[in-house]
Amino acid sequence: QLKQAVAQAAVKEILPRLDKHAVIGVGTGSTANFFIDALAAYKDDFAGAVASSEATAERLKNHGIEVFDLNNVAGLEFYIDGADETNPHLELIKGGGAALTREKIVAAVAKTFICIADDSKKVDFLGNFPLPVEVIPMARSHVARQIVRLGGDPVYRTGVVTDNGNVILDIHNMQITDPRGLEEQLNAIVGVVCNGLFAARPADVLLLGTKDGVQRIVN
Ligand code: DER
């Protein structure tokens, strides 16, 4: 199980840097869940965690790991999370699990963002995976029209409401040659809360699961 291998590698990487006051930023998704499950064995070696979604908070609590409000921590040494796609610059597409906004917030606070992913996520150019955008519900049609003007095909992720009470548009068929530029363009559309491009703040370290073992790639 490649996801388990990278999750365990992430625990191994951060353990020596933890102390009883440390609070860890934790991502969302199936790979992040393997990380939480592996981390739980060491829960007495750090103070607790900040969660990037209600689902992650729940899983942490079920392991007896204290969950902190981000506003109550001065800073985070690490943020560990998965991704839907990563390019060679460790620029990511995230949001497959609809948690992209809180993930990006917690990642912004952390000193080191360690991305954990199996090699199916590694691409040369981002955009094969539909790019998630979190949108204020009343602005959905307006934002969709602006996305069409940018050359994308927005698809409403029906039945999904984010932890923040918003909706998701997934942008299909976008050739993303300038991730940072597109991230800024999307953020400039009124009604967009956040988007799944992690390019302004890419991952610092990628632990990539391959059939030959875990590759550690540093940005
Ligand atoms: O929604 C997210 O951003 C998740 O981290 C996602 O990108 C990765 O989910 P997975 O680990 O289940 O593939």
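**Exercise 1. Place Cys-194 in this predicted model: which strand holds Cys-194, and is Cys-194 buried or exposed?**

Step 1. Start with the secondary structure. Cys-194 sits in strand E10, which covers residues 192-195.

Step 2. Now look at the accessibility. Cys-194 has a relative accessibility of 8%. The cut-off for buried is under 20%, so Cys-194 counts as buried.

Step 3. Finally, find a partner from another part of the chain. Glu-134 is 60 residues away from Cys-194 in sequence, yet their C-alpha atoms are 5.3 Å apart in space.

**Exercise 2. Find Thr-210 and work out which backbone oxygen its side chain reaches.**

Step 1. Go to strand E12, residues 205-210, where you'll find Thr-210.

Step 2. Check how covered the residue is. Thr-210 has a relative accessible area of 11%, so Thr-210 is buried.

Step 3. Follow the side chain. The side chain of Thr-210 gets to the backbone oxygen of Gly-213, at 2.7 Å.

**Exercise 3. Take Thr-177 and Asn-173: which loop holds them, and are they buried or exposed?**

Step 1. Locate the loop. Thr-177 lies between strand E9 (167-172) and helix H6 (179-187). Asn-173 also has its place in the loop between E9 and H6.

Step 2. Compare each value with the cut-off for exposed, which is over 50%. Thr-177 has 68% relative accessibility, so Thr-177 counts as exposed. Asn-173 comes out at 57%, so Asn-173 counts as exposed too.

Step 3. Check the backbone of Asn-173. Its phi is positive, about 55°, although Asn-173 is not a glycine. Most residues other than glycine have a negative phi.

Step 4. Add a distance for Thr-177. Gly-127 is 50 residues from Thr-177 in sequence, and the two C-alpha atoms are 8.9 Å apart.

**Exercise 4. Walk from Ala-98 into helix H4: what is the phi of Ala-98, and are Leu-100 and Lys-104 buried or exposed?**

Step 1. Begin in the loop. Ala-98 is located between strand E5 (92-93) and helix H4 (100-109). Its phi is near 65°, a positive value in a residue other than glycine.

Step 2. See how covered Ala-98 is. The relative accessible area of Ala-98 is 13%, so this residue is buried.

Step 3. Move on to Leu-100, which belongs to helix H4. Leu-100 has 0% relative accessibility, so Leu-100 counts as buried. Gln-175 is 75 residues from Leu-100 along the chain, and 20 Å separates their C-alpha atoms.

Step 4. Stay in helix H4 for Lys-104. With a relative accessible area of 16%, Lys-104 falls under the 20% cut-off and is therefore buried. Lys-94 is ten residues from Lys-104 in sequence and 9.0 Å away in space, C-alpha to C-alpha.

**Exercise 5. Turn to the ligand: which residues come nearest, and which side chains make polar contacts with its oxygen atoms?**

Step 1. List the neighbours. The ligand has 15 residues around it, and the nearest are Thr-28, Ser-30, Thr-31, Gly-97 and Lys-121.

Step 2. Sort the shell by character. The shell residues split into one nonpolar, eight polar and six charged.

Step 3. Pick out the polar contacts, using the cut-off of within 3.5 Å for N or O pairs. Lys-121 has a polar side-chain atom 2.6 Å from a ligand oxygen. For Asp-84, a side-chain N or O atom is 2.8 Å from an oxygen atom of the ligand. Glu-103 places a polar side-chain atom 2.9 Å from a ligand oxygen.

Step 4. Ask how covered the ligand is. On its own the ligand exposes 350 Å², and the protein buries 90% of that.

Step 5. Name the space. The ligand takes up the second largest pocket.

Key:
Residues numbered from 1 in each chain as written. Predicted model: local features only at pLDDT ≥ 70, side-chain atom pairs only at ≥ 80, totals over all residues. Heavy atoms only, no water. Near = heavy atom within 4 Å. Polar contact = N/O pair within 3.5 Å; in protein donor to acceptor, adjacent residues only side chain to side chain. Areas by Shrake-Rupley, 256 points an atom, 1.4 Å probe, with all protein chains shown as cover. 1 Å grid on protein atoms, 1.4 Å probe; cavity = no way out; pocket = protein on both sides within 12 Å on 5 of 7 lines; lining within 4 Å. Sits in = over half its atoms within 2 Å of the grid points. Nonpolar A, V, L, I, M, F, W, Y, C, P; charged D, E, K, R; others polar. Helix = DSSP H or I, 4+ residues; strand = E, 2+ residues; numbered from the N terminus. Buried < 20%, exposed > 50% of the residue type's maximum accessible area, 1.4 Å probe, protein only.
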